[in-house]
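Please take me on a tour of this structure, telling me at each stop what to select in the viewer and what is to be found there.

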Amino acid sequence: MPLNRIVETLASLGANEAIDPLEKYARAHNPNGVMGPLGMGTGYISAKVIAAIIGDASHEKIAELLKSENPWLRGGAIAGLVQSRAEGVETLLHEILGE
């Protein structure tokens with residue numbers, strides 16, 4: 001099963017135990033053997049799942065991802081918040097669009 005399917009399943013289950021292990025992948029780098037822009041390969045999907053599980057943009061871990069200079073981490077966090085229908089996500093999207 002591809003990594004993205006595994007982590008998406010964890011997000012749909014709300015598996016809080018997955019947050020800490022996924023954090024090491026929610027970084028603006030690529031592990032050995034992962035090609036593409038920095039953060040795209042594992043950072044995006046990890047950030048998305050962490051945000052989907054936590055579902056709160058004000059949470060310290062999510063706020064850090066949203067402030068990242070890496071667009072893949074920010075995008076993943078936003079996608080996860082949208083997926084979880086986090087409170088205030090509409091306001092966050094309006095703020096981002098206004099930038």
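The tour below goes from one helix to its neighbours, then to a core, a loop and a last residue.

Keep in mind throughout that this is a predicted model.

**Stop one: helix α3**

Begin by selecting residues 43-54, the 12 residues that make up helix α3. At 1.5 Å a residue this helix should span 16 Å, and because its end C-alpha atoms are 16 Å apart, the expected and the computed span agree. If you colour the helix by accessibility, you will find it mostly covered, with 10 of its 12 residues buried. Among the buried residues of α3 are Gly43, Ile45, Ser46, Lys48 and Val49. Step past the end of α3 and you come to Gly55, whose phi is positive, near 65°.

**Stop two: α3 against α5**

Now add residues 71-83, which form helix α5, and keep α3 on display beside them. The 13 residues of α5 should span 18 Å at 1.5 Å a residue, which agrees with the 18 Å between its end C-alpha atoms. Two packed helices are described by the angle between their axes and the distance between the axes. For α3 and α5 the angle is about 35° and the axes are 7 Å apart, while the crossing is right-handed. On the α3 side, select Gly43, Tyr44, Ala47, Lys48, Ala51 and Ala52, which meet residues of α5 including Trp72, Leu73, Gly76 and Leu81. By class, this contact of α3 with α5 is made up of nine nonpolar, five polar and one charged residues.

Before leaving α5, pick out its buried residues, which are Leu73, Gly76, Ala77, Ile78, Gly80 and Leu81. Which helices help to cover the buried residues of α5? The cover includes α3, α4 and α6.

**Stop three: α5 against α6**

Hide α3 for a moment and bring in residues 89-98, which are helix α6. The axes of α5 and α6 come within 10 Å and cross at roughly 145°, and here the crossing is left-handed. Select Ile78, Leu81 and Val82 in α5, and you will see them meet Val89, Leu92, Leu93 and Ile96 in α6. The residues of this contact divide into seven nonpolar, no polar and no charged.

Stay with Ile96, a residue of α6, which is partly exposed because its relative accessible area is 30%, between the limits of 20% and 50%. Its C-alpha atom lies 9.8 Å from that of Ile78, and the two residues are 18 apart along the chain.

**Stop four: the core**

Bring α3 back and select Val49, Ile50, Ile53, Ile62, Leu65, Leu66 and Leu81, which touch the most other members among the 23 residues of the largest nonpolar core. The elements that give two or more residues to this core are α2 (19-23), α3, α4 (60-66), α5 and α6. Of these, α3 gives the most, with seven residues. Zoom in on Ile53, and, leaving aside residues up to four places away in sequence, you will find that it touches Leu10, Ala11, Gly14, Ala15, Asn16, Ala18 and Ile19.

**Stop five: the loop between α5 and α6**

Finish by selecting Arg85, which lies in the loop between α5 and α6. Is Arg85 buried or exposed? Arg85 counts as exposed because its relative accessibility is 74%, and the cut-off for that class is over 50%. Most residues other than glycine have a negative phi. Arg85, although not a glycine, has a positive phi of about 55°.

How values were computed:
Residues numbered from 1 in each chain as written. Predicted model: local features only at pLDDT ≥ 70, side-chain atom pairs only at ≥ 80, totals over all residues. Heavy atoms only, no water. Helix = DSSP H or I, 4+ residues; strand = E, 2+ residues; numbered from the N terminus. Buried < 20%, exposed > 50% of the residue type's maximum accessible area, 1.4 Å probe, protein only. Expected span 1.5 Å × (residues − 1). Axes fitted to C-alpha atoms, helices over the stretch in contact; angles between N-to-C directions. Left-handed = near helix turned anticlockwise from the far one by under 90°. Contact = heavy atoms within 4.5 Å. Nonpolar A, V, L, I, M, F, W, Y, C, P; charged D, E, K, R; others polar. Core = buried A, V, L, I, M, F, W, Y, C linked by side-chain atoms within 4.5 Å.
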